[in-house]
Amino acid sequence: MSQPAAKKIQAIRGMNDLLPGDSPRWQFFEGKVRQLMARYGFDEIRTPIVEQTALFARSIGEVTDIVEKEMYTFEDRNGDSLTLRPEGTASCVRAAMEHGLLHNQTQRLWYQGPMFRHERPQKGRYRQFHQVGVETYGFEGPDVDAEVILLSARLWQELGLTQHVTLELNSLGSAEARAAYRETLVDYFEQHREILDEDSLRRLSSNPLRILDSKNPAMAEMLENAPRLMDHLDQESREHFEQLKTMLDAAGIHYVINPRLVRGLDYYCRTVFEWTTQALGSQGTVCAGGRYDGLVEQLGGKPTPAVGFAMGIERLILLLDTLQLVPEEALGGCDVYLLPMDEAATLTALTLAEQLRSQLPELRLQLHCGGGSFKSRMKKADKSGATIALLIGEDERQTDAVTLKFLREEREQQRHPQAALPERLQDLIA
Ligand code: ATP
Ligand code: MG
């Protein structure tokens, strides 16, 4: 009896494969980020993808969207509750504390990697997505607040995105000012209870500031008239914010004050900001961050001022693609395709390929493998994207020569002694 065809296993919804045709864009972006971090004196940190669930519950906040409904939480074989990290800041703080990085010293760190949130997958929103983030520790600011914003602004500049993104800025004040404002706000919402939607009613007692973030048009006018946190800032936070604005002005960074920007995570205070774009529809925030001076202490460390941000790599790649900003030469491929034209030439070709790679470390050379007819060999040469094919047949082998064919231009083919190749290729590829 014939077996039923096995059902193919597919990837998990909202978790993407990065295919060879796409990875050059990612490498281009990641290359820019790596250079930039070095230029600003930030050091990379890599932490595990899985942490104890309590780390996120205690840092991000029990009543945030992330902790309430988006985390991938499971019991491991020992019965411990573990969670796939939904963001990078909590892990960064944990690691920095655990290894004494916050002890009498400042830190400027960056990270990159996958994050996991159980959200409804759509364009620009996935269940496994990737972030680049920076975190600084031990600086009161606002100089360092300006510094991380300038770092992000320079990335947009490097990528050609400056005209396509807007910086939105707000201050949440101190924890005390925020608590006082919270009461004022709850009073106001109570007076407009009939306008609040279900989500907002639920948040009224747990996280009323988040109501300000609602996109529900029925609540828009009521929210527009709500008391503003900006008018309830403590004196120090007000000065902090004024100074930050002066620094950004001096650096020529444009921003829009958005008094309703509160961010979804509980640990923020003072500076919060988002970089948004119109070019991606409703998933328009490409980078978001702010100050979180209370978090280290909340997780059991000494009071440590901190500020950072995270950017969504998928959204930025989408944006670069939409605006066609990835340069042609960053899109990968190879320069040279080396073809043994018969069985006997295989060994010569293999040896020559290795010699050329040793002599020209920059050269991207693909060796034809797997035999085939003349026609199929030439087809593969073309498909490789190479601009030059090097052919070794019987004739060439007898005379230690190579035939050089131009694949992308009408140009007479040439024959060169193998020994002259490095120099010839150097000229042609440069
Ligand atoms: P959003 O309002 O879009 O849900 P967020 O406030 O939850 O974003 P943060 O936790 O601040 O986002 O994460 C920083 C950045 O990471 C976002 O601005 C976005 O670019 C990206 N990001 C967040 N969630 C996702 C996701 N599910 N898929 C892809 N990118 C994401
Ligand atoms: Mg979200």
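**Talking through helix H9 and His368**

Modeller: On the other side of H9 from its buried residues, Gln235, Glu236, Thr246 and Ala250 are exposed. Bear in mind that this is a predicted model.

Colleague: Sure! Which residues of H9 are buried?

Modeller: Ser237, His240, Phe241, Leu244, Lys245 and Leu248.

Colleague: What makes you say that they line one face of the helix?

Modeller: Looking down the axis of H9, the buried residues fall within an arc of 135 degrees, so they line one face. As background, an α-helix has 3.6 residues a turn, so residues three or four places apart point the same way.

Colleague: And what do the buried residues of H9 pack against?

Modeller: Their partners are helix H5 (143-159) and the strands S7 (166-171), S8 (256-257), S9 (269-276) and S10 (285-291).

Colleague: How do you know that the span of H9 agrees with its 16 residues?

Modeller: At 1.5 Å a residue, residues 235-250 should span 22 Å; the end C-alpha atoms are 23 Å apart, which agrees. Just after H9, Gly252 has a positive phi of about 75 degrees.

Colleague: Now to His368. Why is His368 called buried?

Modeller: Buried means under 20% relative accessible area. His368 has 4% relative accessibility, so His368 counts as buried.

Colleague: Where is His368 found, and what does its side chain reach?

Modeller: His368 lies in the loop between strand S13 (365-367) and helix H13 (374-383). The His368 side chain reaches the backbone oxygen of Gly371 at 2.7 Å. Leaving aside neighbours within four places in sequence, His368 is in contact with Tyr337, Leu338, Leu339, Pro340, Arg377 and Lys380.

Methods
Residues numbered from 1 in each chain as written. Chains lettered and ligands numbered in written order. Predicted model: local features only at pLDDT ≥ 70, side-chain atom pairs only at ≥ 80, totals over all residues. Heavy atoms only, no water. Helix = DSSP H or I, 4+ residues; strand = E, 2+ residues; numbered from the N terminus. Buried < 20%, exposed > 50% of the residue type's maximum accessible area, 1.4 Å probe, protein only. Polar contact = N/O pair within 3.5 Å; in protein donor to acceptor, adjacent residues only side chain to side chain. Contact = heavy atoms within 4.5 Å. Expected span 1.5 Å × (residues − 1). Arc of directions from axis to C-beta.
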